[in-house]
Structures are given as structure tokens and as C-alpha cells.
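Have the sequence and the 3D view side by side. The text below walks through strands, rings, backbone and pockets in turn.

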Amino acid sequence: MRLVDAPIVTAAEMRAAEGACFASGTSQTALMEAAARAVAREAARFATGRPITVLAGAGNNGGDAFGAARFLAEQGLDVVVAALGQAGGDAASAMRSRWFGATVAMHEAPVRPVVVDGLFGIGLSRAINGAPAAAIERLRAGADFVLAIDIPSGLDADSGEARGSVLRADATLALGAVKHGHVQGAGVGASGALLLDTLGLSVESPVRMLARPRLAAPGAADHKYTRGLVGVVGGAMPGAARLAAGAAARGGAGYVVLAGEDARVPFDAVVHRVAIDPDRAAAVLVGPGLGRGDMARTLCEEWLASDRALVLDGDALILVDADHLSGRTAPTILTPHAGEFARLFGAPPGDRIAAALDAARRSRAVVVLKGATTVVAAPSGEARVHRPSSWLSTAGTGDVLAGLVAARLAVTRAPFRAACEAVWLHARAATLAGAALVADDLAMHIPIAIAECL
């Protein structure tokens, strides 16, 4: 199954979905057989005939591994199972009993080109150290390709944090649903290419992978004001505001005003004014390059007290606090990076998705938590998660995103939808811009990204 719009769940939510499946009449053994077949299918595809070592732990992940080994051997592949501990649980024991091929202890596992990791799944409760860690490092060093069953061994399924040694995968087959740990923390790098097989489970979650948005071209009766006027508040670092204004202009807004005494526009289509007319503005962006002096603080306080839809980025997130935000009734979108988020809401306790959702609830604003994985969280409890290009890790790209968020907010008047659209378009523009991009490169690729969504 494609990852687009796929549900993302915690370990507890995954167990609840499995429990509902069992309550409906499906046996645990039948579900494990389905998982084993899915793993064998992907392992055979990547192995291309090469010898395989299957690592099997004592839990359900190990049961999946033994089942996959059997199906791989039935296809004629050279398979050996390296077991860690005795199988626990009826279904896992049944899978082990059906395997009649070679089985060795974990410390005797042969180094082979392909490794299937079924050691520890979402139930990992302790750090991987000692002899198992040494075996993991030896096998990873000698393997050309590692496929993880559900989640790489050593990762916390909820936070993505490493617990001791992690068996880094080249690909991970998520079973049932994507887990929080796949898309944050060490899980971003350790999961490799993320695949999904739902196994026929019905998994619902308000947290999902971000899908490509569906956008509409302006109608025949539209004009610059119906399409939405974006105001960008300039300040001490004018380059940041220019980047944001340029992105807003190319992001679908009908009219962009860059305000400030000394503001210089990025191109002629962006209008310079000393101040923004609040009655005309559909969305106002405050923060990029604003500064942190008395004038910047006054501007923040004035716009927070207004009834205009706001996007707060950069310095504005340093000058405000969560209590001020929660009192607003007009739409508000916050676009913090990790440091700004920690200043407003406290350092995330590991699970950034859960932290972003809590922040959105507390602030009554849509929160776009930027990073290697970007989380868009709404006060309603909805969230979307996206893994953008790592080339975006350069100065100014956040200003471009903020301007794009403001443009989409002016067009849609729907904060969560606008933030989701902007995050997708920003990431797509980065892909189109290519390697070694700078922030100035992004804006010209936004119209191409928009065209792909019409």
C-alpha cells in the first residue's frame, strides 16, 4: 500500500487495532501468517536470489520472522534463521514449529548479503546491549541490504529514539500501519525506505501521512482581493521578509504587501507599504526577520490583538507566549523549529507528534513543527506528517515556508488545510530545485508544484 495518507499510530493504538481484529474472529496465527507472507514477498524482491539470514526474536516479531523464513525457503532461496531466545506465545511458537530449515543461535548468525530483522518489534522494553548488540553490529557491517519487520530493532516505536544498538535498515515493512517511531527521532534515518502492508486491518487515526493536496485554479470572477491579500510585516532583517513575500506571491495569493519603513520588495508584483491595512488583509505574516526590540514587540502585540488571521514565525515566536496565543479567536498558525517550539511549549518529551498535538490544543492554533520530519497539528487532534528533502536544512527556507503558509491561508481561509498544502508544496519545490539549493531557489519552483496539484 502507498504511504500517502496512511494512518500513523502508537504501539498502544496498534495493539488495540489487532485486538479488534481478533475479536472479530481472525486468529492471531492467521494474522501472523499474513504478516509473514508480506515480509517474504518484500524480502525475496530485494534479495534477488542472494543468501538470507533471518533474525528471529522471542516475541511476535520473531514469529513473523520464522514464518517469513519458511515462505522464502519454499521459493528456493537459501535461508538460515538466527534465533534469540525461545518463542513466546501460541502464534509465535506455531510459526517456529513449522520451520524445518537451519537454525542457529544469534551469536552464531552467519554474515550474509541480505538480513531480515525480526528481533524486536513494537514491544521493545529495554536497551539492546552486550552480545545481541555485538551481533547486530557484525551482521549490519557485512550485509548489503537489511529489511526490518515492522520497525528496526532497537527503536522505540512511539518516539523513534534509539534504545542501545539499532539495526539500521535499508527498508522497513510497516505492518498494519505506520508507527510514530518510523517518522521521527532516530527512526527517520534508521528505517530506510518505508513500506506498508495493512494486512487487511482496519486502522483509523487522526494522525496520517501528508498527501498531495488538491488545489483549484482561480475562477473566472476572481480578482486580487477575492484570491486573498497577504501582508508581510518587515523588520530588522529585510532579506527574510523578502523571501517570505516572494513565496506568498507565488503561492497563490492575489496580492502581497510587504510593510515596513525600509522594506524593499523582492520583485515588482509585491507592493511596499509603510503599514498593512488590516481591513483588506486575508492573512498577515509576522516574524521573519522582525527583530526582538521594542518596535518588534509592539508590532507583535498589535497584530495578536487584531481579528486578522495570522501566521507567526521566527522572531514572533520568541516575542509571544502560549497564554497570549490561546486567547485569540481569529485563525492562527505557528511555524516553529525545535528551539522555538521548546521556548513556547517546553522541550518535546520524545514523541514530537504527540508534543505538536498537545501544543496545538494548548495554544488553540495550528502548529507546524519543522524538522527532519514536519508535523502539522490542529487543536482538533488531527495531524499530518511529512518527511521533506534534507536539502531544506539551509538558512531562509523556513521564511519561504512561512510565506507559503500565509498565501494558502489567504486563499483557503482554513488554517489546517492551508498549513498542510504549504508543507507539501514547500517540500515539492525543494525536490524540483534539486541538490544544494538555497532559499532563493525555492520560490520559482512553487508554481510548478502548484500545477501538479490542479
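What follows is a short tour of a predicted model.

Begin with the strands. Strand S3 covers residues 79–83. Of its 5 residues, 5 are buried, so S3 is largely enclosed by the rest of the structure. In a regular strand, side chains alternate between the two faces of the sheet. Look at S3 with that in mind. Val79, Val81 and Ala83 lie on one side, and Val80 and Ala82 on the other. Both faces of the strand are covered.

The partner to look for is strand S2, residues 52–56. S2 and S3 run parallel and are joined by 5 bridges. One place to check the register is Ala56, which stands opposite Ala83 in S3.

Now move along the chain to strand S6, residues 145–149. How many of its residues are buried? The count is 5 of 5, and the strand is mostly covered. Phe145, Leu147 and Ile149 point one way from S6. Val146 and Ala148 point the other way. Each of these two sets is buried. Strand S5, residues 114–118, runs parallel to S6, with 4 bridges between them. Here Val114 has Phe145 of S6 as its bridge partner.

Turn next to the aromatic rings. A pair of rings is described by the distance of the centres and the angle of the planes. The model has 3 aromatic pairs. One of them joins Tyr225 and Tyr255. Their centres are 5.6 Å apart, and the planes make an angle of 50 degrees. That makes the pair tilted. Where do the two tyrosines sit? Tyr225 is in the loop between strand S10 (207–209) and strand S11 (229–233). Tyr255 belongs to strand S12, residues 255–259. The two parts are 30 residues apart in sequence, so the pair ties them together.

The two partners are not covered to an equal degree. Tyr225 has 29% relative accessibility and counts as partly exposed. Tyr255 has a relative accessible area of 13% and is buried, because the cut-off for buried is under 20%.

Another pair is formed by Phe341 and Phe345. This pair is also tilted, with 5.1 Å between the centres and 50 degrees between the planes. Both residues lie in helix H11, residues 338–345. They are 4 residues apart, about one turn of the helix. Both are buried.

Go back to Tyr225 for a further contact. The charged end of Arg280 sits over the Tyr225 ring, 4.3 Å from the ring centre. A second arginine has a similar place elsewhere in the chain: Arg45 lies over the face of Phe46, at 4.5 Å from the ring centre.

The backbone deserves a look too. Most residues other than glycine have a negative phi. Which way does phi go at Asp5, positive or negative? It is positive, at about 65 degrees, although Asp5 is not a glycine. Asp5 lies in the segment before strand S1 (8–9). Its relative accessibility of 33% makes it partly exposed. Leu199 also has a positive phi, near 60 degrees. Leu199 sits in the loop between strand S9 (193–197) and S10. At 18% relative accessibility, Leu199 counts as buried.

Finish with the pockets. The largest pocket holds about 660 Å³ of space. It is lined by 34 residues. Closest to its centre are Lys370, Leu392, Thr394, Thr397 and Gly398. Two helices give two or more residues to this lining: H13 (397–412) and H14 (415–433). H13 gives the most, with 4 residues. By class, the lining has 12 nonpolar, 15 polar and 7 charged residues.

The second largest pocket has about 540 Å³ of space. Its lining has 28 residues. Gly59, Asn60, Asn61, Asp64 and Ile122 lie nearest its centre. Which elements give two or more residues to this lining? They are helix H1 (11–23), helix H2 (28–47) and helix H3 (60–74). The lining comprises 13 nonpolar, 10 polar and 5 charged residues.

Key. Residues numbered from 1 in each chain as written. Predicted model: local features only at pLDDT ≥ 70, side-chain atom pairs only at ≥ 80, totals over all residues. Heavy atoms only, no water. Phe/Tyr/Trp six-rings, centres within 6.5 Å; stacked < 30°, edge-to-face > 60°. Buried < 20%, exposed > 50% of the residue type's maximum accessible area, 1.4 Å probe, protein only. Lys NZ or Arg CZ within 6 Å of the ring centre and 35° of its normal. 1 Å grid on protein atoms, 1.4 Å probe; cavity = no way out; pocket = protein on both sides within 12 Å on 5 of 7 lines; lining within 4 Å. Points joined across faces, edges and corners; volume = space filled by probe spheres on them. Nonpolar A, V, L, I, M, F, W, Y, C, P; charged D, E, K, R; others polar. Pairing = 2+ DSSP bridges.
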